[in-house]
Amino acid sequence: MFRNYQNMYRPYVNAKNFHLAKHQLFSSQFRILRLLADKGPLTFAVIANEIHVEKPSASGLIRKLQELGYVETKPGKDKREKYVQLTKEGEIVHQEVEKTIDGFLDGALEGISKEEQEIVSRVLEKILQNLTR
């Protein structure tokens, strides 16, 4: 099963990055946009935890998104803490990219029933829980 996952993962990321390139994004950057769209402003530490990377890696991804004008930071209650949030441009780009990715994913899931998709989702979630406890 893990070999199948490994064999699928790189082609998936490459194809997804191809679709994201028109927005000057990579999949790891888009994960942050999606996270902020779903949950609102978050700290660097929370973002790093949610996307399962180290804080310096998350900081680099966020810095690039700031350069693109998709996110901005604002101070938290504690001066050492900064929150990251989508800009108006980031919200627009997020919506555009979601449409692009939805079309890409529809093609990738062609011929796979909703029931099969739900089973795979549940299994992957259980594996993630096992790996992160």
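**View 1. Helix H1 gives the nonpolar patch its largest share, 3 residues.** In this predicted model, the patch on the surface is made by Tyr5, Met8, Tyr9, Val120 and Leu124, and its area is about 460 Å². Two elements each give two or more residues to the patch: helix H1, covering 2-20, and helix H6, covering 114-131. Take Met8 as a place to start looking, since this residue lies in helix H1. Is Met8 buried, partly exposed or exposed? With a relative accessibility of 41%, Met8 counts as partly exposed, because the partly exposed class lies between the 20% limit for buried and the 50% limit for exposed.

**View 2. The whole chain is built from 6 helices and 3 strands.** Before moving to the other close-ups, it helps to step back for a moment. If you walk along the chain from the N terminus, you meet the elements in the order α-α-β-α-α-β-β-α-α. The C-alpha trace spans about 50 × 35 × 20 Å along its principal axes. How many of the residues are buried? The chain has 133 residues, and 31% of them count as buried. The accessible surface comes to about 9,400 Å², and carbon and sulfur atoms account for 52% of that surface. Contacts can also be sorted by how far apart the partners are in sequence. Among contacts between residues at least 6 apart, 52% join residues at least 24 apart. The chain carries 21 positive and 18 negative charges, and the mean positions of these two sets are 6 Å apart.

**View 3. Arg34 and Glu98 meet in a salt bridge between helices H2 and H5.** Side chains of opposite charge can pair when their charged atoms come close. There are 3 salt bridges in the structure, and this view shows one of them, with 2.8 Å from N to O. Which parts of the chain does the pair link? Arg34 belongs to helix H2 (residues 27-39) and Glu98 to helix H5 (residues 88-108), so the pair links distant parts of the chain, 64 residues apart. The two partners fall into separate classes of accessibility: Arg34 is partly exposed at 27% relative accessible area, whereas Glu98 counts as buried at 16%. Glu98 is called buried because its 16% is under the 20% limit.

**View 4. His94 is a buried residue of helix H5.** This view stays with the helix that also holds Glu98. The relative accessibility of His94 is 10%, and that is why the residue counts as buried. Which residues is His94 in contact with, once its neighbours within four places in sequence are left aside? They are Phe30, Leu33, Arg34 and Ala37. You have already met one of them, Arg34, as the salt-bridge partner of Glu98.

**View 5. Glu50 and Lys39 form a salt bridge between helices H3 and H2.** The N to O distance here is 3.3 Å. Glu50 lies in helix H3 (residues 44-50) and Lys39 in helix H2, so the pair ties together parts that are 11 residues apart in sequence. Both side chains can be found at the surface to some degree: Glu50 is partly exposed at 32% relative accessible area, and Lys39 is partly exposed at 49%.

**View 6. Arg80 and Asp78 make another salt bridge.** Their side chains meet with 2.7 Å from N to O. Is Arg80 buried or exposed? At 75% relative accessibility, Arg80 counts as exposed, while Asp78, at 32%, counts as partly exposed.

**View 7. Gln24 and His52 have positive phi values.** Most residues other than glycine have a negative phi. Gln24, which is not a glycine, has a positive phi near 60 degrees. Gln24 sits in the loop between H1 and H2 and is exposed, with a relative accessible area of 52%. For His52, also not a glycine, phi is about 60 degrees. Where does His52 lie? His52 is found in the loop between H3 and helix H4 (55-68), and at 53% relative accessibility this residue counts as exposed. Not counting residues up to four places away in sequence, His52 touches Arg31 and Leu128. Phe2 is 50 residues from His52 along the chain, and 19 Å separates their C-alpha atoms.

Notes: Residues numbered from 1 in each chain as written. Predicted model: local features only at pLDDT ≥ 70, side-chain atom pairs only at ≥ 80, totals over all residues. Heavy atoms only, no water. Patch = residues over 30% accessible without salt bridge, like charges linked within 9 Å, V, L, I, M, F, W, Y side chains within 5 Å. Areas by Shrake-Rupley, 256 points an atom, 1.4 Å probe, with all protein chains shown as cover. Salt bridge = Lys/Arg side-chain N within 4 Å of Asp/Glu carboxyl O. Helix = DSSP H or I, 4+ residues; strand = E, 2+ residues; numbered from the N terminus. Buried < 20%, exposed > 50% of the residue type's maximum accessible area, 1.4 Å probe, protein only. Contact = heavy atoms within 4.5 Å. Lys, Arg positive; Asp, Glu negative; His and termini not counted. Charge placed at Lys NZ, Arg CZ, Asp CG, Glu CD.
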